[in-house]
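Here are some exercises to work through with the model open beside you. Try each task yourself before you read its solution.

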Amino acid sequence: LFPSARILRLDRDTTSRRGALEAALLAAEHGEVDLLVGTQMLAKGHTFPKLTLVGILGADQGLKIPDFRAAERTFQLLTQVAGRAGRADRPGRVILQTYAPDHPAIAHAVNQDFEGFAATELPYREALAYPPCAALALYRAESEDPRQAKEALESIKARLGRVAGLRLLGPMEAPVARLKDRWRFQLLVKSPRREAIGEALGLAPPPPGGGLRLDRDPQSFSV
C-alpha cells in the first residue's frame, strides 16, 4: 500500500542484535522513517516528534488473559501507545481496532480517562478480593505426574485452613497447564489483611526441592 515509504519494523526478532533497538529508535526520532510497525516495545517512553497517527490492531487481545489485571494492563497499554502521537507541535490521531468498543478499559482509554476507569474497576476488585483491596500469595506446583502436583497443593491448603480470614482458590490448573512435559497447578491465597497472609506463609512455607514455589504479591498468573 505504501511502496515508497521508509518502513521500520521493531520487535524482538529485529532488535536482538546489540545496539539495534537504540539505532532504530534514534532513526525514528530524527524523522528518517515514515512508518513504524512493531510490538508493545513501541508503547513506552519514546518520543517521536513527527509521529501524528497511531493505529492499534487487536486492542482487546489483552482482555482475554486469565488475570484480574487484564483490564488495567489493557487500559495502561492503550493509553501509553496513544500518547506517542502528537507529542510535538503537530496534533495526533489514534485509531483502535477492537471487538469490544464498549468495554470500560477500551472506552476510558479512548478518552484518556484514568479516574473514570478506576471508578469502574475498583468495585470489582473489592467485591472479588483483589489488590488493592486485598493481599495475595500464589503457590505454584509442577510435576511430571499431575496428581502429585495437585496433592502437594492440597497439603498446603489443609495447613492454610487454620488461619482465619483467608480465601483459598484451588488447587487448579495454571493458565499454561503443561510446559516441557510437566503439569502445573496453582493455589491462590487472598486476604484483606496482609498480616493474615504473613501468618499463613509462616505456617506453610514451600518445601525445598523446587517442585513447589511461592510467589507473594504475584504480578502474573501465567508465568
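**Exercise 1. Empty space inside**

Find how many cavities of 30 Å³ or more the whole structure holds, and describe the lining of the largest cavity.

*Solution.*
Step 1. Keep in mind that this is a predicted model. A search through the whole structure turns up one cavity of 30 Å³ or more.
Step 2. The space in the largest cavity comes to about 70 Å³.
Step 3. Now look at the walls: 12 residues line the largest cavity, and those nearest its centre are Arg140, Ala141, Arg184, Phe185 and Arg213.
Step 4. Strands E5, E7 and E8 (212-216) each give two or more residues to this lining.
Step 5. Sorted by class, the lining of the largest cavity has five nonpolar, three polar and four charged residues.

**Exercise 2. The largest pocket**

Work out which elements supply the lining of the largest pocket, and which of them gives the largest share.

*Solution.*
Step 1. Begin with the volume, which is about 1400 Å³ for the largest pocket.
Step 2. This pocket is lined by 43 residues, and the closest to its centre are Gly38, Val54, Gly55, Ile56 and Val81.
Step 3. Four elements each supply at least two lining residues: helix H1 (20-29), strand E2 (35-38), strand E3 (53-56) and helix H2 (70-82).
Step 4. The largest share comes from H2, with seven residues.
Step 5. By class, the lining of the largest pocket has 22 nonpolar, 13 polar and eight charged residues.

**Exercise 3. Nonpolar cores**

Describe the largest nonpolar core, then follow the contacts of Leu160.

*Solution.*
Step 1. The largest nonpolar core contains 19 residues, and the ones with the most contacts inside it are Tyr139, Leu153, Ile156, Leu160, Leu166, Val189 and Ile197.
Step 2. Strand E5 (135-143), helix H5 (146-160), strand E7 (182-191) and helix H6 (194-203) each provide at least two residues of this core.
Step 3. Zoom in on Leu160: leaving out residues up to four places away in sequence, Leu160 touches Tyr139, Leu166, Leu168, Leu187, Val189, Ala200 and Ala204.
Step 4. Another core, apart from the largest one, has 12 residues, among them Ala71, Val81, Ile106 and Ala109.

**Exercise 4. Aromatic rings around Phe75**

Decide how the ring of Phe75 is placed against the rings of Phe114 and Phe117: is each pair stacked or tilted?

*Solution.*
Step 1. The structure has three aromatic pairs.
Step 2. In the pair of Phe75 and Phe114, the centres are 6.5 Å apart with 45° between the planes, and the pair is tilted.
Step 3. This pair links distant parts of the chain, with Phe75 in helix H2 and Phe114 in helix H4 (residues 114-128), 39 residues apart.
Step 4. Compare the surroundings: Phe75 is buried, at a relative accessible area of 7%, whereas Phe114 is exposed, at 55%.
Step 5. For Phe75 and Phe117, the ring centres are 4.6 Å apart and the planes meet at 5°, so this pair is stacked.
Step 6. Because Phe75 sits in helix H2 and Phe117 in helix H4, their pair ties together parts 42 residues apart in sequence.
Step 7. Both Phe75 and Phe117 are buried. Put together, Phe75, Phe114 and Phe117 make one aromatic cluster.

**Exercise 5. Buried or partly exposed?**

Classify Ala105, Ala100 and Leu42 by their relative accessible area, and say where each one lies.

*Solution.*
Step 1. You need the cut-off here: buried means under 20% relative accessible area, exposed means over 50%, and partly exposed is in between.
Step 2. Ala105 belongs to helix H3 (residues 104-110). Its relative accessibility is 0%, so Ala105 is buried.
Step 3. Leaving out residues up to four places away in sequence, Ala105 touches Leu63, Ala71, Thr74, Phe75 and Phe117.
Step 4. Ala100 is in the loop between strand E4 (93-96) and H3. With a relative accessible area of 23%, Ala100 is partly exposed.
Step 5. With the same sequence neighbours left out, those up to four places away, Ala100 touches Asp60 and Ile106.
Step 6. Leu42 is found in the loop between E2 and E3. Its value is 14%, so Leu42 is buried.
Step 7. Leu42 and Gln80 are 38 residues apart along the chain, and their C-alpha atoms are separated by 9.3 Å.

Conventions
Residues are numbered from 1 along each chain as its sequence is written. This is a predicted model: local features need pLDDT of at least 70, side-chain atom pairs count only at pLDDT 80 or more; totals for chains, interfaces and linings use all residues. Side-chain values use heavy atoms; hydrogens and water are left out. On a 1 Å grid over the protein atoms alone, a cavity is a set of points where a 1.4 Å probe fits but cannot get out, and a pocket is an open set with protein on both sides within 12 Å along at least five of seven lines; lining residues have an atom within 4 Å of a point. Grid points are joined across faces, edges and corners, and a volume is the space filled by probe spheres set on the points. Ala, Val, Leu, Ile, Met, Phe, Trp, Tyr, Cys and Pro count as nonpolar, Asp, Glu, Lys and Arg as charged, and the others, Gly among them, as polar. A nonpolar core is a set of buried Ala, Val, Leu, Ile, Met, Phe, Trp, Tyr and Cys residues joined through side-chain atoms within 4.5 Å. Buried means under 20% relative accessible area, exposed over 50%, partly exposed in between (1.4 Å probe, protein chains only). Contact means heavy atoms within 4.5 Å. Rings of Phe, Tyr and Trp (its six-membered ring) pair if their centres lie within 6.5 Å; planes under 30 degrees apart count as stacked, over 60 as edge-to-face and the rest as tilted.
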